[in-house]
Amino acid sequence: MATVPDHLGVPHLVVTRHALVRQVLADPVTFRPDNALDAVTPVPVAALRVLAGHRFRLPPTLANNSGASHPEIRAIVADALHPDRVAAQRPWLTDLVRRRVARLAAALDAGEPVDLYAELAADLPLLVLARLVELPDAPVGAVKDFARAALELFWAPLDADRQLALATQVGRFHTVLRGFAATGGGLAARLRAAGHSPDVVVGALFFLLVAGQETTSQFLTLLLHRLTAEPAVRAGLRADTVDVADVVEEGLRLEPPIVTWRRVAAVDTTLGGTAVPAGSSVVLWLARAGRDPAVVPAPAEFRPGQRGSRRHLAFGAGAHRCVGAQLARLEAAVVVAEAAPLLDGVTVLRPPWCPDNLTFRMPDAFMIRRAGAGPAGPRRVATA
Ligand code: HEM
């Protein structure tokens, strides 16, 4: 643990050890989740005015809710994402991914570059989410832009001009969400029927649209990238000696899309022998906890199924543990099973680049090309 100042000089207690991160997550009374959605760079008045103009509010709903309403809101969301409903998506998702992979394989065979983020990972989670939870009828691109703008506005170091631009984008979509929250069916209707205020319905939809799809897009991209450097794992998948589910867990351990998550100390307390005053921001370094040698024997190595591999904290823990874990795992398993063969013999033209962000990795592209394929490649020359 160390106290580290952020880009504005504000101190945060950063926790890296698996046991301590887990201890904090498991104790939402001492370490409350209230600051989960607080902007890392405080939003200046001009941007706040824009948000207020869109009646933007993020009341405690899910991740940032330590109140009595949390279990009930969570139960309604968990119902929409019930494991049986999630499992029922597998055939549809497999078919969609298989068709995409066939198209991408043809492009790679023809020597063309392929962007696995844009052409495979970016929209899949949103398309699946929309089958489970009724969402506003908005173009996929608009939802993706809004979600990425929200992740930047709340978790990135920013200047005032950028904050204003992001607030405009986030605020505009928030208005769409507010309209949908008032009239939409499915989850929105169930939350309304349970007596939750319009702000709570909007807040729940907001969080789901951001956390429920952008995270998984990021994870699929990072995991596929990691697998390009793991030929033995791909060979194991091909030979059926490596389990896809184990690959997903090892991926979550080593390449989690959410690298940190925050809590705030509710009272004066101690953690691992260190005094933690009430009000302290506690930054839990989930990615680092996954590499704790106390938990896995080969922390930096991608070894599917190694002891401790599944004990990562990529989905958090305790009362606020990710409700979408099952869904994210299913999506990743289908993508790994179908798309890993694409990675054989490819060259990485552009690895995923991740901007400065406290919590989310947000890769923007992942370009590959089959080495030796295509018009100018040796295979063509050899044929000639
Ligand atoms: C690889 C993908 C994902 C990762 C790594 C991830 C990670 C996380 C983390 C770290 C938390 C905070 C947990 C805590 O405070 O202990 C969380 C909460 C949450 N996640 Fe996920 N998530 C993913 C995908 C999803 C998906 C697909 C959905 C839904 C469609 C989802 C919905 C939620 C919700 C609703 C919460 C708040 C739960 C609560 O506070 O009760 N997540 N997630």
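These are my notebook entries on a predicted model with a bound ligand that holds an iron atom.

**Entry: the iron**

I started at the metal. The iron atom of the ligand takes a single donor from the protein. That donor is SG of Cys 322, at 2.3 Å. I then placed Cys 322 in the chain. Cys 322 sits in the loop that runs between helix 15 (286–289) and helix 16 (325–339).

**Entry: around the ligand**

Next I listed the surroundings. I found 31 residues around the ligand. His 70, Arg 74, Arg 263, His 320 and Cys 322 are the closest.

I looked up polar contacts to ligand oxygen atoms. For Arg 263, a side-chain N or O atom is 3.0 Å from an oxygen atom of the ligand. For Trp 261, a side-chain N or O atom is 3.4 Å from an oxygen atom of the ligand. Ala 63 uses its backbone: an N or O atom there lies 3.3 Å from a ligand oxygen.

**Entry: strand 5**

Trp 261 and Arg 263 sent me to strand 5, which covers residues 260–265. I asked which way each side chain points. Trp 261, Arg 263 and Ala 265 point one way, and Thr 260, Arg 262 and Val 264 the other. Is the strand buried or exposed? I count 6 of its 6 residues as buried, so strand 5 is largely enclosed by the rest of the structure.

Then I checked its partners. Strand 5 pairs with strand 8 (residues 281–285) through 5 bridges, in the antiparallel sense. Across that pairing, Trp 261 faces Leu 284 of strand 8. Strand 5 also pairs with strand 3, again antiparallel, over 2 bridges. There Arg 32 stands opposite Val 264.

**Entry: the sheet of 5 strands**

I traced the whole sheet. It is open, has 5 strands in the order 1-2-8-5-3, and its pairing is mixed. Strand 1 (2–5) and strand 3 are at the edges with a single partner strand each, so one side of each has no neighbour in the sheet. I followed strand 1 to its partner. Strand 1 and strand 2 (residues 11–15) are antiparallel and share 4 bridges. Val 4 is opposite His 12 of strand 2.

**Entry: Asn 35**

I went on to the loop after strand 3. Asn 35 lies in it, between strand 3 (31–32) and helix 2 (45–53). Why does Asn 35 count as buried? Its relative accessibility is 7%, and buried means under 20%, so Asn 35 qualifies.

I looked for what holds the company of this side chain. The side chain of Asn 35 reaches the backbone oxygen of Arg 263 at 3.1 Å. Setting aside neighbours within four places in sequence, I list Arg 262, Arg 263, Val 264 and Ser 281 as contacts of Asn 35. Arg 263 therefore appears twice in my notes: its backbone oxygen is reached by the Asn 35 side chain, and its own side chain has an N or O atom 3.0 Å from a ligand oxygen.

**Entry: the sheet of 3 strands**

I turned to another sheet. It is open and antiparallel, with 3 strands in the order 4-10-9. Strand 4 (114–115) and strand 9 (346–350) are its edge strands, each pairing on one side only. Strand 9 runs antiparallel to strand 10 (residues 367–370), with 4 bridges between them. Thr 347 stands opposite Arg 369 of strand 10.

What lies across these strands? I find helix 5 (residues 90–109) across strand 4, strand 9 and strand 10, at about 60° to strand 10.

**Entry: positive phi**

I scanned the backbone angles. Most residues other than glycine have a negative phi. I noted two with a positive value.

Met 362 has phi near 50°. Met 362 is in the loop between strand 9 and strand 10. At 5% relative accessibility, Met 362 counts as buried.

Arg 55 has phi near 55°. Arg 55 is in the loop between helix 2 and helix 3 (70–80). With a relative accessible area of 48%, Arg 55 is partly exposed.

**Entry: Asp 240**

My last check was a loop residue. Asp 240 lies between helix 13 (231–239) and helix 14 (244–254). Buried or exposed? Asp 240 is exposed, at 68% relative accessible area. I also took a C-alpha separation. Asp 240 and Arg 288 are 48 residues apart along the chain, and their C-alpha atoms are 30 Å apart.

How values were computed:
Residues are numbered from 1 along each chain as its sequence is written. This is a predicted model: local features need pLDDT of at least 70, side-chain atom pairs count only at pLDDT 80 or more; totals for chains, interfaces and linings use all residues. Side-chain values use heavy atoms; hydrogens and water are left out. Donors are N, O and S atoms within 2.8 Å of the metal (3.2 Å for Na, K and Ca); water is not among the atoms, so sites may look incomplete. Two strands pair if DSSP finds at least two bridges between them. Contact means heavy atoms within 4.5 Å. Axes are lines fitted to C-alpha atoms, for helices over the stretch in contact, and angles run from 0 to 180 degrees between N-to-C directions. Buried means under 20% relative accessible area, exposed over 50%, partly exposed in between (1.4 Å probe, protein chains only). A polar contact is a pair of N or O atoms within 3.5 Å; within protein, one must be able to donate a hydrogen and the other to accept it, and residues adjacent in sequence count only if both atoms are side-chain atoms. A residue is near a molecule or strand if one of its heavy atoms lies within 4 Å of it.
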